[in-house]
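Student: I am new to this structure. Please take me through one part of it slowly, and then show me what lies around it.

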Amino acid sequence: MRQLLVILVLFSVLSCQNNDTEFLTFGTYRGELILNDTKNLPFIFNVKDANTLEIYNAEEVIAVDEIEYKNDSVYIKLPVFEGLLIAKIKDQTLNGRFVVEEKGRQQAFTASKNESRFDNNAKAETNITGEWETVFSPNTEADKYVAKGVFKQKDNIVTGTFLTETGDYRYLEGIVNGNQLQLSTFDGAHAFLFTGTVTDSTINGQFYSGNHWKEPFKAKRNDNYQLASANNLTYLKEGYDTLAFSFPDTDGKQVSLKDDRFKNKVVVVQIMGTWCPNCLDESKFYTQYYNANKDKDIQFVALAFEYAKTEAKAFSFINRLKDRLDINYPILLAQTGSTSKTAANDKLPMLNHVLSYPTSIFIDKTGKVRKIHTGFNGPATGGKYTEFKTEFNAFMDMLLNE
């Protein structure tokens, strides 16, 4: 009788918990990450059903299917990356936080039904469609770097990105209200907000990366502006003509370029991290290319530099990426506990520097390095992405035909 009473009590408690649980309801929401007392970073997501949703950044659609409900909260795990949205649901409103556990970062998060990314308050005074010569942190020599803004505007709505010499800021979407520009993107790894005052020829603004980084930027209209070539930034030091490394794969086996699988093959070595959105874009492209050409004398191998504190955690991130993208080439664990490029360079001392994640090293059938490409211009860059694919295919064909 006592056992039956205990069971009935437990059933009653669980029933109350289940009855108190609210679920995500169908529709479009505006999520906001709270950056500070005056700035919020908005993004749009559409709930398809209680267990699936899609996040939108301009043309980008991120499908999310890892959603759990525990007690009175929903746990939304972003695909590939570590980011996690945790929120309580009440009357179709979410209140909680965005957490990146291994980095020890979190910030407040809210969401409610709304189809607009930014509020449309005023007619745009100018159209920023075109290309913009840009400098970030222009007054701080140590942090200063150049970029190229590429934007399209229709009425108030703006899409585009900033290209840098080491990659791009992916899909940005926003609005021009009067003379005020607002752009944002959120993908589970990066949370970016750009604000600025615009004229026909200038943009003066601020760039926020989550709630942990802020820097100014200045841009001027310049449709002829070009960044430095991505093929000349990283190179082998004098006295070297090849690459050498030995790192473990996901089965714990040490993998080296001296292994039989790489002999007499064209090899692409990808320096990357599972936390890196530009690396994700590149990995998608390389996976498609490799799957379409794996019957040829081609091998890919990725070297992952991870901020995860343990090898077990790092390998869990690597396996998640491989499973999500169906990557069939090896991803080796090169470093844990840090994404420091200086530390990465210590692992690959034949390079003048590791300037960017990702970086790709092209090796011919004799084992010699023929080209090193820094960064990656992903699909958000439009024409630059098309240009990269054309150049990549032509160069690979040349190496294969040698």
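Tutor: Start with Ser-137, in the loop that runs between strand 10 (130–136) and strand 11. This is a predicted model, so keep that in mind throughout. Is Ser-137 buried or exposed? Its relative accessibility is 4%, under the 20% cut-off, so Ser-137 counts as buried. Which residues does Ser-137 touch, leaving aside those up to four places away in sequence? They are Asp-143, Lys-144, Glu-215 and Pro-216.

Now follow the chain into strand 11. Strand 11 covers residues 145–154 and runs antiparallel to strand 12, with 8 bridges joining the two. One pair to look for is Gly-149 with its bridge partner Phe-162 in strand 12. The two strands make a hairpin with 2 residues between them. In that turn, Asp-155 has a positive phi of about 55°.

Stay with strand 12, residues 157–164. Of its 8 residues, 7 are buried, so strand 12 is largely enclosed by the rest of the structure. Strand 12 also pairs with strand 14 (residues 172–177), in the antiparallel sense, over 4 bridges. There Val-158 stands opposite Gly-174 of strand 14. Another partner is strand 13 (residues 167–168), which runs antiparallel to strand 12 and is joined to it by 2 bridges. Look for Thr-164 opposite Gly-167 in strand 13. Strand 12 and strand 13 form a hairpin, connected through 2 residues.

What holds such pairs together? Strands of a sheet pair through backbone hydrogen bonds, and they can do so parallel or antiparallel.

Next, go back along the chain to an open sheet of 9 strands. Its order is 4-3-2-1-9-8-7-6-5, and the pairing is antiparallel. Which strands stand at the edges? They are strand 4 (60–64) and strand 5 (66–70). Each has a single partner strand, so one side of each is left without a neighbour in the sheet. On average, neighbouring strands here are turned by 25° against each other, direction ignored.

Look closely at the edge formed by strand 5. Its partner is strand 6 (residues 73–77), paired in the antiparallel sense over 5 bridges. Lys-70 has Ser-73 of strand 6 as its bridge partner. Tyr-69 stands opposite Val-74 in strand 6. The hairpin of these two strands has 2 residues between them, and Asn-71 takes a positive phi near 55°.

Strand 5 also has two faces to compare. In a regular strand, side chains alternate between the two faces of the sheet. Ile-67 and Tyr-69 make up the covered face of strand 5. Glu-66, Glu-68 and Lys-70 make up the uncovered one.

Now move further along the chain to another open sheet. This sheet has 5 strands in the order 23-22-21-24-25, and its pairing is mixed. Strand 23 (331–335) and strand 25 (369–374) are the edge strands, each pairing on one side only. Neighbouring strands are turned by 20° against each other on average, direction ignored. For a parallel pair, take strand 22 (residues 298–305) and strand 23, joined by 4 bridges. Ala-302 has Ile-331 of strand 23 as its bridge partner.

Helices lie across this sheet. Helix 3 (residues 311–325) lies across strand 21 (266–272), strand 22 and strand 23. Helix 3 runs at about 145° to strand 23. Helix 5 lies across strand 21, strand 22, strand 24 (359–363) and strand 25, at about 165° to strand 25.

Helix 5 has a helix partner too. Helix 5 (residues 383–401) packs with helix 2 (residues 277–293) at an angle of about 40°, and their axes are 13 Å apart. Helix 2 and helix 5 are therefore oblique to each other. Their crossing is right-handed. Which residues make the contact? From helix 2 come Phe-285, Tyr-286 and Tyr-289. From helix 5 come Tyr-385, Phe-388, Lys-389, Phe-392, Asn-393, Met-396 and Leu-400. By type, the contact residues divide into 8 nonpolar, 1 polar and 1 charged.

Methods:
Residues are numbered from 1 along each chain as its sequence is written. This is a predicted model: local features need pLDDT of at least 70, side-chain atom pairs count only at pLDDT 80 or more; totals for chains, interfaces and linings use all residues. Side-chain values use heavy atoms; hydrogens and water are left out. Axes are lines fitted to C-alpha atoms, for helices over the stretch in contact, and angles run from 0 to 180 degrees between N-to-C directions. Angles under 35 degrees count as roughly parallel, over 145 as roughly antiparallel, 65 to 115 as roughly perpendicular and the rest as oblique. A crossing is left-handed if the near helix is turned anticlockwise from the far one by less than a right angle, and right-handed if clockwise. Contact means heavy atoms within 4.5 Å. Ala, Val, Leu, Ile, Met, Phe, Trp, Tyr, Cys and Pro count as nonpolar, Asp, Glu, Lys and Arg as charged, and the others, Gly among them, as polar. Two strands pair if DSSP finds at least two bridges between them. Buried means under 20% relative accessible area, exposed over 50%, partly exposed in between (1.4 Å probe, protein chains only).
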